[in-house]
Amino acid sequence: MTVAHHVGLANAAMIASIIVAATTGDVLIASAMRQIGDLDEIKAHSGLKGAIVAVLTNARFFSGVAAMAVSFFSLLFALSHADLSLVAPASASLTVVTNTIAAKFFLKENVDKRRWIAAACVCAGVVLLAH
Amino acid sequence: MTFRRYLVLAFVTVSAPLGDSFLDKGMKQVGPVSLTHVTTLFHAVATPWIAGGILLLIGFFASWLTALSWADLTYVLPVTSFANVIVALLAKFWRHENISLSRWFGIFLITAAVGFVMRGPSYTEHERPQPAPASTKSAEGACL
């Protein structure tokens, strides 16, 4: 195995860890917000304080925030080893795709053809913007 | 979707790149922070640009959570990815940076994605478990 091959594998592993943690965080936070319910309605009934308490007393929300923190530090770690021009677009664009897949299977969202096309367009668009 | 909810999505889209830009401008004013003077970061928080940036990012997170409470993740994500387009447009018209043809194509793709998603439903309604009919309940009660 060549050195270049090793570096490529290491970059792929770092980008994969960012994507997995970011997707886990997004799905957990989205799931927590679905569990809590419409914040506008909660605010109308219990005021802003009630809405804040509803969010801050949800364990799933904190799990999501923890996963987002892992994703952030994975990004920092990856940036200390690989180029920003590789890590940022690769992780941002692939996270859109993995989020769409995870939302379909874990959040049971209705991901129709329109949303798949949108995810593909965002993925390609982010890559093009980063160049 | 009400007008107010579109405003929340617009705020999510605008506040993140604006908050990042404020932090960037603030940190440029503060200058490089060395590991031996980490406390400089605490003083930096009190500067107007960085304080403004932090407020905008707190606002972004609050509105992102609000949006996720009444819209699907697969609806909010493409809509909020429009922030990338705002960053590119800010770079072009504020910082006078050059935008290549491939970047313009990227802007077009993201804008098209937002258009696609906005035309569809924002929320997937999940069926809630229906309460058992009264006759079944009484039958169960009889069994117990």
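Read along the sequence, chain A of this predicted model follows the pattern α-α-α-α-α, and the count agrees with that order, since there are five helices and zero strands in the chain.

The overall dimensions of chain A can be taken next. Along its principal axes, the C-alpha trace of chain A spans about 60 × 35 × 25 Å, and its radius of gyration is 18 Å, whereas a compact globule of 131 residues would have a value near 14 Å. Of the 131 residues of chain A, 40% count as buried, a class that requires 20 or more other C-beta atoms within 10 Å of the residue's own. Among the contacts in chain A with a separation of 6 or more, 75% are accounted for by residues 24 or more positions apart.

From the single chain we can turn to the pairing of the two chains, in which 27 residues of chain B are in contact with 33 residues of chain A. On the side of chain B that touches chain A, the elements that give two or more residues are α3 (48-70), α4 (73-80), α5 (82-93) and α6 (101-118) of chain B. Of these, α6(B) provides the largest share, with 11 residues. Sorted by chemical character, the residues on this side of chain B divide into 15 nonpolar, 10 polar and two charged, where Gly is counted with the polar group.

Definitions and conventions
Residues numbered from 1 in each chain as written. Chains lettered and ligands numbered in written order. Predicted model: local features only at pLDDT ≥ 70, side-chain atom pairs only at ≥ 80, totals over all residues. Contact = placed C-beta atoms within 7 Å. Helix = DSSP H or I, 4+ residues; strand = E, 2+ residues; numbered from the N terminus. Rg over C-alpha atoms; globule rule 2.2 N^0.38 Å. Buried ≥ 20, exposed ≤ 12 C-beta atoms within 10 Å, placed from the backbone.
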